[in-house]
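Here are some notes to read alongside the structure. They start with charged pairs, then move on to the core and a helix.

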Amino acid sequence: MNDLTIAPGPGIPGGMVIPAADLTERFAKASGPGGQGVNTTDSRVQLSFDVAACRVLSDGQRSRVLRNLGGRLDGTVLTVDVSTQRSQIRNRAEARDRMAALLREALAPPSPPRRKTKPTRGSVHRRIAAKKRRSELKSTRKRPNVS
């Protein structure tokens, strides 16, 4: 098993390499298409990573991952389950890609808060003009006033 490489991004400017010792791979029989091979090969891959036990993550990064991926974690273990491909090798690569994407997204710092702004005078004018046009259109649908 190889190390998991995470590309540089926000929160991890130099990228990150998670050693293979921190990852656990399990294999099982996958359901779905594959013909006779589906009954004989263990092509489904479960890749697990214990966030709390990882030596590569700093305390800040660890808390950020635990906070951002809280719903996906089983205790402190992040698991990715892949059975989309027919071969085990492709599923292993897909599992690593998904795990790296999840961790990269979880390690990104939160976006800055939105600055409240007022609508521009022109946008207010256009909105009111559109409302008037719509009102006039609907008023032509009324029953004529017979008196």
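1. Let's begin with a charged pair: the side chains of D81 and R44 form a salt bridge, with 3D separation of 2.7 Å from N to O. D81 sits in strand β6 and R44 in strand β4, so this pair ties together parts that are 37 residues apart in sequence. As for exposure, D81 is partly exposed at 36% relative accessible area, and R44 is partly exposed too, at 26%. Keep in mind that this is a predicted model.

2. How many salt bridges does the count come to? It comes to five. Another of them joins D22 and R55, whose side chains meet at 3.5 Å, N to O. D22 belongs to the loop between β2 and β3 (23-28), while R55 is in the loop between β4 and α1, so the bridge ties together parts 33 residues apart in sequence. Is D22 buried or exposed? D22 is buried, with a relative accessible area of 11%, whereas R55 counts as exposed at 63%.

3. Next, look at R92 and E25, whose side chains meet in a salt bridge of 2.7 Å, N to O. This pair links distant parts of the chain, with R92 in helix α2, E25 in strand β3, and the two positions 67 residues apart. E25 is buried at 15% relative accessible area, and R92 counts as partly exposed at 26%.

4. As general background, side chains of opposite charge can pair when their charged atoms come close. So what about R96, which is also found in helix α2? R96 is buried yet has no salt bridge. The nearest side chain of opposite charge is E25, 4.1 Å away, and the cut-off for a salt bridge is 4 Å, so the pair does not qualify. You can still find R96 touching E25, along with M1, N2, D3, L4, L23 and L47, if you leave out residues up to four places away in sequence.

5. Now for the inside. In soluble globular proteins, nonpolar side chains tend to be buried together. Here the largest nonpolar core has 25 residues, and those with the most contacts inside it are I18, F49, L69, M99 and L103. Which elements give two or more residues to this core? They are β1 (4-6), β2, β4 (44-50), β6 (77-82) and α2. Helix α2 gives the most, with seven residues.

6. I18 is a handy place to click if you want to see this core from within, as one of the residues with the most contacts there. Setting aside residues up to four places away in sequence, I18 touches D3, L4, I6, L23, F49, V56 and L103. Two of these names, F49 and L103, are also on the list of residues with the most core contacts.

7. Finally, take a look at helix α1 (residues 59-68), where Q61, R62 and V65 are buried. Viewed down the axis of α1, the buried residues fall within an arc of 100°, so they line one face of the helix. The general reason is that an α-helix has 3.6 residues a turn, so residues three or four places apart point the same way. What do the buried residues of α1 pack against? Their partners are β2 (16-18) and α2 (88-107). On the other side of α1, D59 and R67 are exposed.

Technical notes. Residues are numbered from 1 along each chain as its sequence is written. This is a predicted model: local features need pLDDT of at least 70, side-chain atom pairs count only at pLDDT 80 or more; totals for chains, interfaces and linings use all residues. Side-chain values use heavy atoms; hydrogens and water are left out. Buried means under 20% relative accessible area, exposed over 50%, partly exposed in between (1.4 Å probe, protein chains only). Helices (H or I, at least four residues) and strands (E, at least two) are DSSP runs, numbered from the N terminus. The arc is that of the directions from the helix axis to the C-beta atoms. Contact means heavy atoms within 4.5 Å. Lys and Arg count as positive and Asp and Glu as negative; His and the chain ends are not counted. A nonpolar core is a set of buried Ala, Val, Leu, Ile, Met, Phe, Trp, Tyr and Cys residues joined through side-chain atoms within 4.5 Å.
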